Amino acid sequence: MKIMQVVKTLVSTNRIADMGHKPLLVVQEKAGGPVQVAVDAIGCIPGDWVLVVGSSAAREAAGSKSYPSDLTIIGILDQWSAS
């Protein structure tokens, strides 16, 4: 698991039926760091600090072992300091 911050919503066309219209969010570990795209399985907003999982755990957290995800948000942190 990693702690990351939601930067913004990613708007994209859904062309794969298995995606199930789940939102995609841009996340990063620290300000100015590289960004990644994560599936939002729980309902986050920009600015939220979240827990994310990758690999096969990301697919299962998104709802299915066949789900095409390498990064899925599984929790929102109530408090977190990025320092």
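**View 1. Helix H1 against the strands in the predicted model.** In this predicted model, helix H1, which spans residues 55–62, lies across three strands, namely E3 (35–40), E4 and E5 (71–76). The helix runs at about 115° to E4, a strand made up of residues 49–54.

**View 2. The five-stranded barrel and the pairing of E1 with E4.** Five strands close into a barrel, following the order E1-E2-E3-E5-E4, and their pairing is mixed. On average, and with direction ignored, neighbouring strands of this sheet are turned by 55° against each other. Strand E1, residues 2–10, pairs with strand E4 in the antiparallel sense, and four bridges connect the two. Within E4, Val-52 is the bridge partner of Lys-2.

**View 3. The salt bridge between Lys-2 and Glu-29.** A search of the whole structure finds one salt bridge, in which the side chains of Lys-2 and Glu-29 meet at 3.5 Å, taken from N to O. The pair links distant parts of the chain, 27 residues apart, with Lys-2 in strand E1 and Glu-29 in the loop between E2 and E3. Lys-2 is partly exposed, with a relative accessible area of 39%, and Glu-29 is likewise classed as partly exposed, with a value of 43%.

**View 4. Surroundings of Gln-28 in strand E2.** Gln-28 lies in strand E2, which covers residues 24–28, and it counts as buried because its relative accessible area of 14% falls under the 20% limit. Its side chain reaches the backbone oxygen of Lys-30 at 3.1 Å, while the backbone oxygen of Gly-33 lies 3.0 Å from a polar atom of the Gln-28 side chain. When residues up to four places away in sequence are not counted, Gln-28 touches Met-4, Gln-5, Val-7, Gly-33, Pro-34 and Val-35; Gly-33 thus appears both in this list of contacts and through its backbone oxygen in the polar pair.

**View 5. Surroundings of Thr-72 in strand E5.** Thr-72 lies in strand E5 and is buried, with a relative accessible area of 0%. A polar contact of 3.1 Å joins its side chain to that of Ser-69. Leaving aside neighbours within four places in sequence, Thr-72 is in contact with Val-39, Ala-41, Leu-51, Val-52, Val-53, Ala-58, Ala-61 and Ala-62. Among these contacts of Thr-72 is Val-52, the residue of E4 that is also the bridge partner of Lys-2.

How values were computed:
Residues are numbered from 1 along each chain as its sequence is written. This is a predicted model: local features need pLDDT of at least 70, side-chain atom pairs count only at pLDDT 80 or more; totals for chains, interfaces and linings use all residues. Side-chain values use heavy atoms; hydrogens and water are left out. Two strands pair if DSSP finds at least two bridges between them. Axes are lines fitted to C-alpha atoms, for helices over the stretch in contact, and angles run from 0 to 180 degrees between N-to-C directions. Contact means heavy atoms within 4.5 Å. Buried means under 20% relative accessible area, exposed over 50%, partly exposed in between (1.4 Å probe, protein chains only). A polar contact is a pair of N or O atoms within 3.5 Å; within protein, one must be able to donate a hydrogen and the other to accept it, and residues adjacent in sequence count only if both atoms are side-chain atoms. A salt bridge is a side-chain nitrogen of Lys or Arg within 4 Å of a carboxyl oxygen of Asp or Glu.
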